[in-house]
Amino acid sequence: LDERGREMHGSWGNIIRAEDAFARMGADVMRWQFCAQPPDRNLLFGYGPAHEIQRRLLTLWNSVRLLVQYGNVESFTPRYGDLQGPAVEHPLDRWLVERTRQLVAEAGAGYERWLTVEVVRSFEAFVEDVSNWYIRRSRRRFWEGDEAALRTLWHALVQGLRVIGPVMPFLAEHLWQVLVRAPCPEAPGSVHLAGWPEAGEPDAAVLGEMAAARRVAELGRQARSASRVKFRQPLRRLVVEGADVPAALADVVREELQVKELAFAHVESELRVKPNLPVLGPRLGRELGAVRAALQAGEFEELGAGRFRVLGHELGPDEVLVERSGREGWAVAGDDGVTVALELALDDELLREGRVNELVHRVNSLRKEAGLELTDRIRLTIPAGDADLLEHAEWIKAETLAVSVQADGGAEPAIARA
């Protein structure tokens with residue numbers, strides 16, 4: 001069938017010939033479409049789904065590119081023996097090693113059951129975790145040339161290539177040659193000769209602790225978004241109730257949410273639940289009025305995962321509209337028994353640090369627009385009105401690779417190659 005679910009017919013003009021698909025999609029993307037399809041459903045084949053697959057694979061490509069760029073800057077040389085499991089200490093590194101083992105276990109089970117759809121789902125989730133959690137939370141470490149971070153990321157990406165090679169043979173082979181064969185002469189000549197990873201069982205405790213930390217971080221982002229406070233604006237305090245984040249991961253959460261303090265205490269909040277009338281009305285019929293009144297009176301039980309029980313009815317997340325509010329000056333978000341509250345009060349110190357973050361973002365955008373390399377040093381000039389930011393000159397220099405920072409009468413920051 002085509003991507004809209006219609007049969008392909010020449011008279012309808014929706015036939016895709018193999019040679020056209022190879023030219024416009026590529027063989028790996030075509031294979032991905034077939035492998036990602038549950039075997040009990042019709043395959044919807046087309047350029048639209050192909051474009052979405054290319055977008056997802058671009059996340060993998062960009063992760064590899066980041067590793068290569070920072071690895072070249074630091075003259076990083078991987079060791080093939082690290083695929084047995086690198087020695088790690090940082091909590092993010094420990095998590096990524098265990099997350100990689102989880103991928104190997106899940107994908108192996110999928111292959112054993114001849115369900116490539118499970119392999120694809122596991123790999124896509126893994127790449128998303130690597131890019132949008134590990135890399136994002138480790139960028140400062142890459143920037144500072146942390147070899148442990150580079151080695152851990154290399155291990156994860158290479159093991160991922162060994163897992164996905166049967167589904168995506170050509171791109172996996174190309175990346176293997178770049179990441180493994182070129183720097184490790186003792187490695188197999190092809191990803192398809194490397195064998196299946198011997199990763200061992202994943203540590204459920206490590207994965208669970210990071211899952212709890214990410215859950216708090218996601219709720220914190222929701223609270224920030226609801227308060228309309230910019231994400232580059234540091235805040236003073238985050239209070240968490242209902243979740244246990246280990247001390248080793250507290251800094252990860254604080255850095256993710258740009259907060260100075262993380263505390264575990266009771267969160268004062270008010271929960272309001274309303275029926276989603278277009279969805280719930282047809283199901284409850286004449287009982288909707290009583291359920292609506294009970295919700296308004298607060299006579300309900302929170303079941304977790306966005307579900308509620310009221311008057312004997314279990315309501316799903318799509319059947320209710322949930323609002324949480326905290327005390328004046330606080331932003332609150334919660335789900336499944338976990339509640340977080342962000343203190344929104346801003347003092348002069350926090351406001352100044354927020355302006356520094358905005359300046360750093362602007363300067364690094366200027367670096368990119370000017371085509372500067374990662375290692376190029378600059379001289380930075382900032383507007384006279386921002387002279388008070390020179391209090392944080394060393395911070396600004398470290399984040400922008402500036403050798404000097406000065407203030408003059410210009411309206412916008414300006415950079416010059418040092």
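The axes of helix 2 (residues 27–35) and helix 7 (residues 169–181) come within 7 Å of each other and cross at roughly 125°; here axes are lines fitted to C-alpha atoms, for helices over the stretch in contact, with angles running from 0 to 180 degrees between N-to-C directions. That makes the two helices oblique to each other, given that angles under 35 degrees count as roughly parallel, over 145 as roughly antiparallel, 65 to 115 as roughly perpendicular and the rest as oblique. At the crossing, Ala27, Asp28 and Arg31 of helix 2 meet Pro169, Phe170 and Leu171 of helix 7, where contact means heavy atoms within 4.5 Å. The model is a predicted one, in which local features need pLDDT of at least 70 and side-chain atom pairs count only at pLDDT 80 or more, while totals for chains, interfaces and linings use all residues. Residues are numbered from 1 along each chain as its sequence is written, and side-chain values use heavy atoms, with hydrogens and water left out.

Zooming out, the secondary structure of the chain comes to 13 helices and 12 strands. These are DSSP runs numbered from the N terminus, with helices being H or I of at least four residues and strands being E of at least two. The C-alpha trace spans about 65 × 65 × 50 Å along its principal axes. Of the 418 residues in the chain, 45% are buried; buried means under 20% relative accessible area, exposed over 50%, and partly exposed in between, with a 1.4 Å probe and protein chains only. As for contacts between residues at least 6 apart in sequence, 70% join residues at least 24 apart.

Next up is helix 6 (residues 147–164), whose 18 residues reach 26 Å from the first C-alpha to the last, close to the 26 Å expected at 1.5 Å a residue. The expected span is 1.5 Å times one less than the number of residues. Helix 6 has 16 of its 18 residues buried, so it is largely enclosed by the rest of the structure. At its start, a side-chain oxygen of Asp146 sits within 2.9 Å of the backbone nitrogen of Ala148. Thr100, in helix 4 (residues 91–112), is buried too, at a relative accessible area of 2%. Neighbours within four places in sequence aside, Thr100 is in contact with Phe126, His155, Ala156 and Gln159.

On to the sheets. One open sheet of 4 strands runs in the order 2-1-9-8 with mixed pairing; two strands pair if DSSP finds at least two bridges between them. Its edges are strand 2 (259–264) and strand 8 (330–335), each with a single partner strand, so one side of each is left without a neighbour in the sheet. The twist averages 20° from one strand to the next. Strand 1 (residues 235–241) and strand 2 run parallel and are joined by 5 bridges, with Leu238 opposite Leu262 in strand 2. Helix 9 (residues 247–257) packs on this sheet, touching strand 1 and strand 2, and its direction makes about 130° with that of strand 2.

At the other edge, strand 8 pairs with strand 9 (residues 338–343) in the antiparallel sense over 6 bridges, and Ala331 stands opposite Leu342 in strand 9. The hairpin formed by strand 8 and strand 9 has 2 residues between the strands, and Asp336 takes a positive phi near 55° there. Although strand 8 is an edge strand, 5 of its 6 residues are buried, so it is largely enclosed by the rest of the structure.

Leu346 lies in the loop between strand 9 and helix 12 (348–369) and is partly exposed, with a relative accessible area of 37%. Its contacts, sequence neighbours within four places left out, are Gln233, Pro234, Leu235 and Leu351. Leu346 and Asn357 are 11 residues apart in sequence and 15 Å apart in space, C-alpha to C-alpha. His392, in the loop between strand 10 (378–383) and helix 13 (393–400), counts as buried at 17% relative accessibility. With the same four-place exclusion, His392 is in contact with Arg352, Glu353 and Val356.

Finally, an open sheet of 3 strands has the order 4-5-6 with antiparallel pairing. Strand 4 (301–304) and strand 6 (313–315) are its edge strands, each pairing on one side only. Neighbouring strands of this sheet are turned by 25° against each other on average, direction ignored. Strand 4 and strand 5 (residues 307–310) run antiparallel and are joined by 3 bridges, and Glu302 stands opposite Phe308 in strand 5.

Methods:
A polar contact is a pair of N or O atoms within 3.5 Å; within protein, one must be able to donate a hydrogen and the other to accept it, and residues adjacent in sequence count only if both atoms are side-chain atoms.
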